[in-house]
Structures are given as structure tokens and as C-alpha cells.
Amino acid sequence: MVGRVGPAHLDLSEAHRFPNRPVLAGGSLHWDVLGLYQGVLDGLREAARSGGVTSVGVDSWAVDYGLLDADGRLLGNPHHYRDSRTQDAAPRVWDAVPAKELYRVTGLQHLPFNTVFQLAAARGSAQLAAARTLLLIPDLLVHWLTGTVGAELTNASTTALLDAATGDWSGDLLGRLGLDPELFPPLRQPGEVAGELLPAVTRETGLAEGTPVVTVASHDTASAVAAIPADRPGFGYVSCGTWSLAGLELDQPVITEASRAANFTNERGIDGTFRFLRNIMGLWLLSETLRTWAAEGLPTDLAPLLARAADAPPFAALVDPDAPEFLAPGDMPARIAAYCERTGQRVPADQAAMVRCILESLALAHRAALRTAAELSGRDLDVVHLVGGGSRNDLLCQLTADALGLPVVAGPTEATALGNVLVQARAHGLVADRTAMRRLVADTQHLRQFRPSGDPNAWAAAGARIGLG
């Protein structure tokens, strides 16, 4: 994506799009990280053709990492967080650091694929034994672009190895888990210059020598939250794509037994903020459903499916989106049907009913997460910003407004890319501060309003059916 920023304009254009296809090899699911890096280079080449490029910033998903050997070479393709290797890893971590203590130090919710559990699963492997440096995925791409080594803070905070109080790697945790502290590079703050593009990269892409790579909020959700067009503090957000990240922006973490029991996380944002949120499975349920239907030769054009789903009977069947059986790739409609049978519900009768089931269930999960976040933090909510790809889904936006009984502001769709660009722009002095960044998004991007309707009692009863009351 190429962003152009000025005092009263913020334009974003797509330079290049390329596929991201995880690969199952040797019984393990991996990222094709070299293919992704080639896509990055191709994109930079197209960006160079569009005009002068002031700087480059990289954001990505969280938790996954590459390991480098003593020569700085990648030791195999990084594992994908949906790989099954972490299924039994948590007890090994908790034997060394009990779950309550791990949360007290890191403030991070329990997810079976957190970096700490991936490293526990890798313990004793030849690859980990040979490793000298661990780089999270965006840091790995920055390393290949610049030759420099570092760990960006917002993404590092998703590893469950960062001390929430100090904002640094926890030496105590690393020692008790048997992890070499030398594996973990120095931390970088969003807005720092990580380095300049290597000569080989400038030759490959046509970008100018000396082009800086600016450290942005490299966790994609942190970048998305930086671009939320909020004009007052009483807002909640849902960054909605493959995952729904629903929560609040706070100045201090909320690390209590109640927040741990509710499985809320405290991830770092820009400017010392914390993203107090819960991960929800998100539109993964819908995308995997569509993929299964496509393989079966069924219609997958989303617009007519959503129109039919809007007219389908409400609350006919509901699922907990975070049920563990929905995590792995595979036949999602069959798994949803099995969930409904197991919980005594009627299986969705057709495609429209299945889509309605998924979107109502996500709206209920958004409702539960945001209400719990407000309660745990003592904050009041008066509006919800829904950003990311899910903001294009009018039915999901309306159902979320109905479930919460609050107005929903939908957009921008490309919040992550906008947040990335705005952190770079601020580093160059083009935007004054976080407030100005958000005002610029609100003034320049297409936003839509959804007002709540329907019966709040019906939503409460529906949530209670699946434990999301």
C-alpha cells in the first residue's frame, strides 16, 4: 500500500497484492515466508513506479517468528500459529511459571499459540538449539530489507515474554523457561528508524538509496487501532478480519484476577497505550465456510448470501466463535453443524441460515467482549468503531450495533495500512500527534454509521444460550 499524507489529505492506494498460502509440509503447517518476502519486494517495486517513496514500514500478524543461526541465516520456514504443535505445550510452560503468575507478569490472555507456547513446543529441537536470534515476522522482513536486528514493542508484547510493567523482556521468565536471553533482540519503539534499505534491495526494487525503514506499530492490530477515527475517549473498537479484536485503548494495563479469568489481554499500542482486548475467532468462520462451499461447487458470492441472511430468522442457531474446534482449517459448515447438534440446536437449514448463524454469533461475541472490557476497566462506552475488512459487511455492523445497543461507526476498511502510514508520517513531522492522526482519518476516510435497533432482551437471551450473556 502507498500512502500520501499532507495537512488535509490522506490517500491510500494499493500498489500490489499477492497470495498468502500456508503450506502443510512434513506434518506441520508453515508460512511460505520467502514467497511473502518476494511479494514484498514486488510491491516495493510497484510503489517505486508510483512516485517518490519517503520511507517504508512493515506490519504483520503477531506471535509467529523465524529463527536465525550464527550466520544470520533463517533456520527453516516459520511455523504457522494454527499448527497443532502447541496443543499440549501450555502445561510445560505452567510447570515452570504457573498460569496466574505468567498473566501477572505479562498481562497476556491465554491463547494456545502464543509465542511462549510455540517455544515450549520447540524445546529440544535441533532448530532451536542452533538458533542465535529470534525475530517476529515483521522484524524478520525488516531484517531482510535493512540488515538490522530488533524487536518492535507492540508485536513483542504478544509473545507472553514481555514484562507489562517495565515494557522490556522479562529476564526472570526467560530464565525459568530455559530460554537464552540472547535470542531476543533489543526492543524498538514505533516511530524509530530501523535502518536504510540494503543496496541489493534498492537494486531489486528501484527505490532510492538511503530510503529509511521506519519502525511502525508492527502488530497489525496496533496499527489498526492507531488509525481509529475517534474524537473522544469513550470508545470501544472491533478490529475485524480473520480475527475480531474487541476492546478498549487504555493508559494503563488491567492485570487482575478478574481480567485473567475473563481472558483479556494487555497488548502495547503506540504512545505508551495498552490495547485491553479479547481475541475472537472472527470472520475466519465465514471465510472457511465459503472455502468449503466453493470446493463443493456451491454459490459463494457474498452479496446475495448476506442479503438472504438478513432475511433469515434470527437466533435460529448460535455458536461460541472461540470454541476450540473452529481454530484449525477445514470443513467449517460441518463443524458448526456438529456444534449445533451437540448443544441441542437445529442445524442451519441452508446457506443463508449458516451465514446468519455465524454473523449473529460474532455480534454476540463482540457484545460480550466490549461489555466485559468496560466493566473490568471501569470505563463507560458510548460508541464502537468497527475497522478492518469486516467494516464492509453491513449485516455484521448492524448486528453488532443491535447486540450492543450502541452506535457503530464502520471504517476505515484499511485501518492497518493507514495506521502504518500515519506512524511513518509522524516520524517525518507531517502529523503532530495521535489526536491529529485520528482527526485526519475521520476527515478523509469514508465512514458509515449504524444505529442500534431490535429488542435488547432478545439479544441477552441469545447470548445466554451460548455463554455470552
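In this predicted model, Cys 240 counts as buried, at 2% relative accessibility. Its sulfur lies 7.8 Å from the closest cysteine sulfur, which belongs to Cys 397, and this is too far for a bond. A disulfide is a covalent bond between the sulfur atoms of two cysteines. The cut-off applied here for such a pair is 2.5 Å. Seen from the other partner, Cys 397 is likewise in no disulfide, with the sulfur of Cys 240 as the nearest cysteine sulfur, 7.8 Å away. Cys 397 counts as buried too, because its relative accessibility is 0%. A search of the whole structure agrees with this picture, finding zero disulfides.

Cys 397 has a sequence neighbour worth a look, Asn 393, placed in the loop between strand E15 (383–387) and helix H16 (394–404). Asn 393 counts as buried because its relative accessibility is 6%, under the 20% limit. With neighbours within four places in sequence left aside, the contacts of Asn 393 are Leu 286, Leu 306 and Leu 359.

Another buried residue is Leu 364, part of helix H15 (residues 351–377). Its relative accessible area is 0%, so Leu 364 is buried. Beyond the residues within four places in sequence, Leu 364 is in contact with Leu 318, Trp 459, Ala 462, Gly 463, Ile 466 and Leu 468. Asp 59 is 305 residues away from Leu 364 along the chain, and the C-alpha atoms of the two are separated by 29 Å.

Two helices illustrate how whole elements can be covered. How many of the ten residues of helix H6 (residues 137–146) are buried? Ten of the ten are, so helix H6 is largely enclosed by the rest of the structure. The buried set runs through Ile 137, Pro 138, Asp 139, Leu 140, Leu 141, Val 142, His 143, Trp 144, Leu 145 and Thr 146. Directly after H6 comes Gly 147, with a positive phi of about 80°.

Helix H4 (residues 115–122) is mostly covered, with seven of its eight residues buried. These are Thr 115, Val 116, Phe 117, Gln 118, Leu 119, Ala 120 and Ala 122. What do the buried residues of H4 pack against? Their partners are strand E5 (65–68), H2, helix H3 (99–106), helix H5 (126–130) and strand E6 (133–136). Here as well a glycine with positive phi comes just after the helix: Gly 124 follows H4, at about 85°.

Turning to the strands, E13 (residues 265–268) is covered on both faces. In a regular strand the side chains alternate between the two faces of the sheet. In E13, Thr 265 and Glu 267 are on one side, Asn 266 and Arg 268 are on the other, and all are buried. E13 runs antiparallel to E14, and four bridges join the two. One of the residues involved is Glu 267, whose bridge partner in E14 is Arg 275. Together, E13 and E14 form a hairpin with five residues between them, and in the turn Asp 271 has a positive phi of about 60°.

Strand E14 (274–280) also takes part in a pocket: E14 and helix H2 (90–96) each supply at least two residues of the lining of the second largest pocket. The volume of this pocket is about 490 Å³. Of the 24 residues that line the pocket, Leu 111, Pro 112, Asp 322, Pro 324 and Leu 327 are the closest to its centre. By residue class, the lining divides into 13 nonpolar, seven polar and four charged.

Some backbone details of the loops complete the picture. Asn 263 is not a glycine, yet it has a positive phi of about 60°. Asn 263 is placed in the loop between helix H11 (257–261) and E13, and at 25% relative accessibility it counts as partly exposed. Phe 315, also not a glycine, has a positive phi of about 60°. Its place is the loop between helix H13 (302–311) and helix H14 (332–342). Is Phe 315 buried or exposed? Phe 315 is buried, with a relative accessible area of 17%. Finally, the peptide bond from Gly 411 to Pro 412 is cis, with omega near 5°. Pro 412 is in the loop between strand E16 (408–410) and helix H17 (415–427).

Technical notes: Residues numbered from 1 in each chain as written. Predicted model: local features only at pLDDT ≥ 70, side-chain atom pairs only at ≥ 80, totals over all residues. Heavy atoms only, no water. Buried < 20%, exposed > 50% of the residue type's maximum accessible area, 1.4 Å probe, protein only. 1 Å grid on protein atoms, 1.4 Å probe; cavity = no way out; pocket = protein on both sides within 12 Å on 5 of 7 lines; lining within 4 Å. Points joined across faces, edges and corners; volume = space filled by probe spheres on them. Nonpolar A, V, L, I, M, F, W, Y, C, P; charged D, E, K, R; others polar. Pairing = 2+ DSSP bridges. Contact = heavy atoms within 4.5 Å.
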